[in-house]
Amino acid sequence: MNNNNSRSQQQQQQQQQQAARLARIQQHRQKLLLEQLQQRKAEYTSSYNLPLNYPAKVIVVAAAAAATDDDVVTNDNDAQRRINNRRTSSDFVNARLLEAGLPLGGTPSSSSGDSNDSSGDDGARLSSSSSSLAQHIVSTQRFIRDLEGTGCYDAVQIHIGNSHDDGDGQKAAATSQQSAAAAANNVTVQLQEKKWYKLYIGGGVNSDDLSSLGGTTTSSSSNASSSLGSSLSGVGTATGLLPKLQFETSASLLNLTGFCDISSASYLVDQTGSSSFRFVHDRPLVSYLSRRGALYDWLMPQDPRTVANEDDNGDGNNVSTLEEGDVYINDDSQYSMGGGSHTSLGLHATFHDVDCESTRSTKEFVRSVGLRLANHARGGGGSHYKPSTSPPEGMAGPYLFLDWNATLRDVLPKRSQTHPFALDCSPEIAQQAGTYLKHSILTGLCMNGCFVDDRYDPTMGYDAHVVGEVAGPPGDVGYWKVKGGYSWHVPVELLRMMVVGVNDIDNNEEYNDDNGGKEGEDSPSVIGMALHSSFNCGLIRPLTFNGLLGNHNNASCCPLVPSSDRFYIGGPGQLRGFLPAGIGPRANKGGSSVPGGDALGGDLFYTSTLATSIPFPSYFSKLRHNGARIFGFANAGTCVSTGLGVHGASLSLLDMPVWGQILQSTRVSLGGGVSVGSPMGRFEATYAVPVRYGPRDARKSVQFGFGFSFG
C-alpha cells in the first residue's frame, strides 16, 4: 500500500514537473512570438513612406503659445504677421532641413496628380523619395538639435500637415490647388526665438585654475595657468593653491542677420585683479554673400525643384531621372567637411592677463585679434584667454577650422617683494622679458567624438585630433608646431565575440530548459568592462625665414620659440600622478613661488594611457545609473627639449641622442580612479603612484580632473 502511494506521488510530481516545463516552454514561445510581432510592427511603421513638400513654411510663436502647444493660426493676417515678425531666414531654415537629411521636394509623386502641379504660391513640390518614417524622425531630431544648439531659440518644432499651418481660408485655397494627400505633406517649422539681446552678470570659479586642486588640464596648452607648488626635501612633492574666484559680466546679440549669428562680449576679473576681455562675432559664411553669387550657390543646398526641372526633355513633359538621395544630403553630411550652410567666418579679439607665477615666475599681458573659417559656427564657446581649438558644444561631427591670429604679448617676470628693482625668477625667464609680436596661421581637425558611443565617457569607438600652427613674419617669433592624438575604446564583450564567435555566444544565451531559462555558464562575469588606450604627441621646430627672424649675434633678442608657446605636460588630462607642468625642462632655480626651478617647456612631448574600466557595482544604483565607472590605468610620457636653442639650433629627430633622451626621461605612473561623464564634460577623481620620476618633478597622487575627452 505504501509502495503504491509513493509511486502515485512520484507520478504526480513528474506530471507537475512536466506540466511546469511545458508551461515554461509555452511562455517562452509566446514571448518569442510577441517579440517577432513587435519587430514586424516596428519594421512596417519605420518603413512607411512619407513624402514631404518643399519649401517648408517657417513661423514664429510666442513663448506662452509654445508652452501650451495651442498655437493655431486663426486667419490669414495672423499667419502673415507671424511670418513677417520672424528674424530667421526661411532659406536658411530650409537649407538646414535639407542638410539634416529630410527629403523635401524633388519630383512630384505619381499619386499626387499632374507632375507640374505645385502647392500654391510657395511653389511647393512633393518629394518622390522613398525615405521611411524612421529616417524622417532621425533627420527631424538632428535638425531640431542643430538649431537649438545655436543658442538662438528656446524651442524648435516641426509639424507635418495643416494643423499648425494656415487658417481655414488658406486651407480651403490649398485644397482647391492641390490634392488632400499632397496638402497633408506640408511641412511647417515653428520657432520660438530668443530675444535679440542677452545680458549676464555672475561669478564662480575660474575653470582654467581647477588644476590647482590637484592638477587639471584639457589640452597641452602652452598658456596653462596651472599650479605648481613648492618642492619639499628635493623630491619634487608639490602642493596646490586654491582656485581663483572670478566675477563675470557679458552681453550678447543673437540672430540679427537671420542666420543664427552671435556677437558676444565678456569681461572677467578674479580675486587677484587679473582681468580679461573677450569679443566674438560668428556667423555663417552665406550670410556675407549675395544670393546670386557662385559661392552662395555652392554652399547652400540646391533647390529640389530646380534639380527636378533641369531634367526637362524639352517637350513640355518633366521627366525626372533623380535617384534616391540625389536631392538631399545623406545622414551624416550635415556636419560634412565642406560645412555647407554651417560654414562660418568669425572674428575674435581678446585682452587678458595670464598668471604663470606658480609655474615659471612670470605674468603676461596678451592682446590678440584673429579670424576663423570653420565648417561649423563656434558661437561664444571657448576659453576667455584664447580662441578655443575644441569643437562647438552642440556639434555632432568632425570639426575643421583655419585661424589667422595676430598677438602682442608683454612678458613680465616676477618682481622681488623685498627688493623692488630685483627679479624673482630664473635667468632664463628674465632673458625673455619684453614685448613680442606673434603672427600665426593655425589649422586643425577634430573628430569630435562622432565615432564613440559617449563623447565624454566612451566605452566603444575611436577619436582623434590634429592641430598645426606656423608663426612667422611680420611677427618676432618663428616656428612650426604640430600636435595631435587618438584614443581607442573597445568593450571586452566585443573582443569575446571576435575570439569565441557570435554564434557560440548566442547558443550559450539561448533558452535552456534545464536551468530555467537562465544564461549559460559561459556568460561574462563582468558586464560592461571596456579597454581604453590613448596616445598624444607634439613637436615644435624654429623657423628663421632666411634670416628675417632671430639674431644669432644678439643673445638677448626675442627667442624664435618663446616659453609661452612650448609644451607643458602633467595633470589628469595628460599624465596622472604629476601636476601640470610638473615634468620637463626646468631652470636650475626659480622664483619664490617655484623653488624647484622655473618650468621652461619642451619642444617635444608624448603621453600614453592604457586603462580598463567597469561600471559601478549594482549596489550603488544611482552612480551606476548616471554612468559612473571605476577604472585602473597606466600612464607614460615625457616632455623634453631636443637641443632647441633660443635662436633656432636644433637636432634632428633621426639623431640617436634624441631617442635616448626621450627614453631616459619617460615618466610612468600607475593608479585607479572614478569617472563620470556628463553633458558638461568628463569629471574624474584619481589616485596615482609615480613609479618612474625625476628628482625635480612636481608630483601629486590624489587629483581631480575636468576635461572634454579621455586622456
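1. Start with L373, which lies in strand β11. This is a predicted model, and in it L373 has a relative accessible area of 37%. That falls between the 20% and 50% cut-offs, so L373 is partly exposed.

2. L373 has company. Together with L347, V369, L371, L402, W404 and I441, L373 forms a nonpolar patch on the surface. The accessible area of these residues together comes to about 530 Å².

3. Where does the patch come from? Two elements, β11 (362–374) and β12 (399–413), give two or more residues each. The largest share is from β11, with three residues. So if you're looking at the patch on screen, strand β11 is a good place to begin, and L373 lies in that strand.

4. Now for the inside. The largest nonpolar core has 32 residues. Those with the most contacts inside this core are L97, L104, F143, V189 and L191.

5. Several elements build that core: α4 (90–99), α5 (133–148), β4 (153–160), β5 (187–193) and α8 (294–299) supply at least two residues each. Helix α4 gives the most, with five residues.

6. There's another core, lying apart from the largest one. This other core has 14 residues, and Y479, I540, V561 and I583 are among them.

7. On to the rings: the structure holds eight aromatic pairs. Take F535 and Y606, whose ring centres are 6.0 Å apart with the planes at 25 degrees. Planes under 30 degrees apart count as stacked, so this pair is stacked.

8. That pair links distant parts of the chain. F535 sits in strand β16 (residues 530–542) and Y606 in strand β17 (residues 604–615), with the two positions 71 residues apart in numbering.

9. Are the two partners buried or exposed? F535 has 32% relative accessibility and so counts as partly exposed. Y606, at 16%, is under the 20% cut-off and therefore counts as buried.

10. Finally, two arginines sit over tyrosine rings. R283 lies over the face of Y288, at 4.2 Å from the ring centre. Likewise, the charged end of R699 sits over the ring of Y693, 4.0 Å from its centre.

How values were computed:
Residues are numbered from 1 along each chain as its sequence is written. This is a predicted model: local features need pLDDT of at least 70, side-chain atom pairs count only at pLDDT 80 or more; totals for chains, interfaces and linings use all residues. Side-chain values use heavy atoms; hydrogens and water are left out. Patches are made of residues with over 30% relative accessible area and no salt bridge: like charges are joined within 9 Å, nonpolar side chains (Val, Leu, Ile, Met, Phe, Trp, Tyr) within 5 Å. Accessible areas come from the Shrake-Rupley method with a 1.4 Å probe; for residues, only the protein chains shown count as cover. A salt bridge is a side-chain nitrogen of Lys or Arg within 4 Å of a carboxyl oxygen of Asp or Glu. Helices (H or I, at least four residues) and strands (E, at least two) are DSSP runs, numbered from the N terminus. Buried means under 20% relative accessible area, exposed over 50%, partly exposed in between (1.4 Å probe, protein chains only). A nonpolar core is a set of buried Ala, Val, Leu, Ile, Met, Phe, Trp, Tyr and Cys residues joined through side-chain atoms within 4.5 Å. Rings of Phe, Tyr and Trp (its six-membered ring) pair if their centres lie within 6.5 Å; planes under 30 degrees apart count as stacked, over 60 as edge-to-face and the rest as tilted. A charge sits over a ring if NZ of Lys or CZ of Arg is within 6 Å of the ring centre and within 35 degrees of the ring normal.
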